[in-house]
Amino acid sequence: MPSKKTPAKPPLEQRPVPPNPPSAPSKALHVFPNPAPERDYVIQFQVPEFTCHCPLTGQPDFAHFTIDMIADQLCVELKSLKMYFWSYRHEGAFHEKVTNTILDDIVKATKPRFVRITAKWYVRGGIYTNVVAEHRKKGWKPQPRVELPAHAAQTGLI
């Protein structure tokens, strides 16, 4: 009986590394015009995977950043914000310094009415560190808070 030969599998082709990667860390924050500058509205960014390292020990530091911003004429573009945060990965930075530097850079790029950055740093030596920094545009006054009536959550048919 003749033997059946299994056809040889073609070699796997690996994708070549592009000469210019499509994404790279960068300190450049790009902006675009605010689509609704006539009103105050909150833009919130969550950055749950921030990484830098301790400037004294070289050990990695991890944080969850929340940025609450009321834009004026400019908004920050998301991909540039992602690349900006990525640029800290190999830098040594104290928690307080890096949080305030990020605030300063966002204010410089967008000139917002208001921005608050909350950095929740993961445990180091048994201590959690939270750093909150904010900026208010001179003369800007927030609208008064509107209190709405609370209603019980509805769960199905009555």
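How much space lies in the largest pocket? Here are my notes on that pocket and the second largest one; keep in mind that this is a predicted model.

1. The answer to the opening question is about 270 Å³ for the largest pocket. Two elements each give two or more residues to its lining, namely strand S2 (42-53) and helix H1 (78-86).

2. If you want to click through the lining of the largest pocket, start with the run Gln-46, Val-47, Pro-48, Glu-49, Phe-50 and Thr-51. Then go to Leu-81, Lys-82, Met-83, Phe-85 and Trp-86, and add Arg-89. S2 provides the largest share of this lining, with six residues.

3. As for chemistry, the lining of the largest pocket splits into seven nonpolar, two polar and three charged residues. Phe-50 and Trp-86 are among the residues you'll find there.

4. On to the second largest pocket, which has a volume of about 210 Å³. Strand S3 (60-70) and strand S5 (114-124) are the elements that give two or more residues to its lining. S3 gives the most, with three residues.

5. The lining of this second largest pocket takes in Asp-40, Tyr-41 and Val-42, then Asp-68, Met-69 and Ile-70. Phe-114 and Arg-116 line it too, along with Arg-136, Trp-140, Pro-142 and Gln-143.

6. And what mix of residues lines the second largest pocket, counted as nonpolar, polar and charged? There are seven nonpolar residues, one polar and four charged.

Definitions and conventions:
Residues numbered from 1 in each chain as written. Predicted model: local features only at pLDDT ≥ 70, side-chain atom pairs only at ≥ 80, totals over all residues. Heavy atoms only, no water. 1 Å grid on protein atoms, 1.4 Å probe; cavity = no way out; pocket = protein on both sides within 12 Å on 5 of 7 lines; lining within 4 Å. Points joined across faces, edges and corners; volume = space filled by probe spheres on them. Helix = DSSP H or I, 4+ residues; strand = E, 2+ residues; numbered from the N terminus. Nonpolar A, V, L, I, M, F, W, Y, C, P; charged D, E, K, R; others polar.
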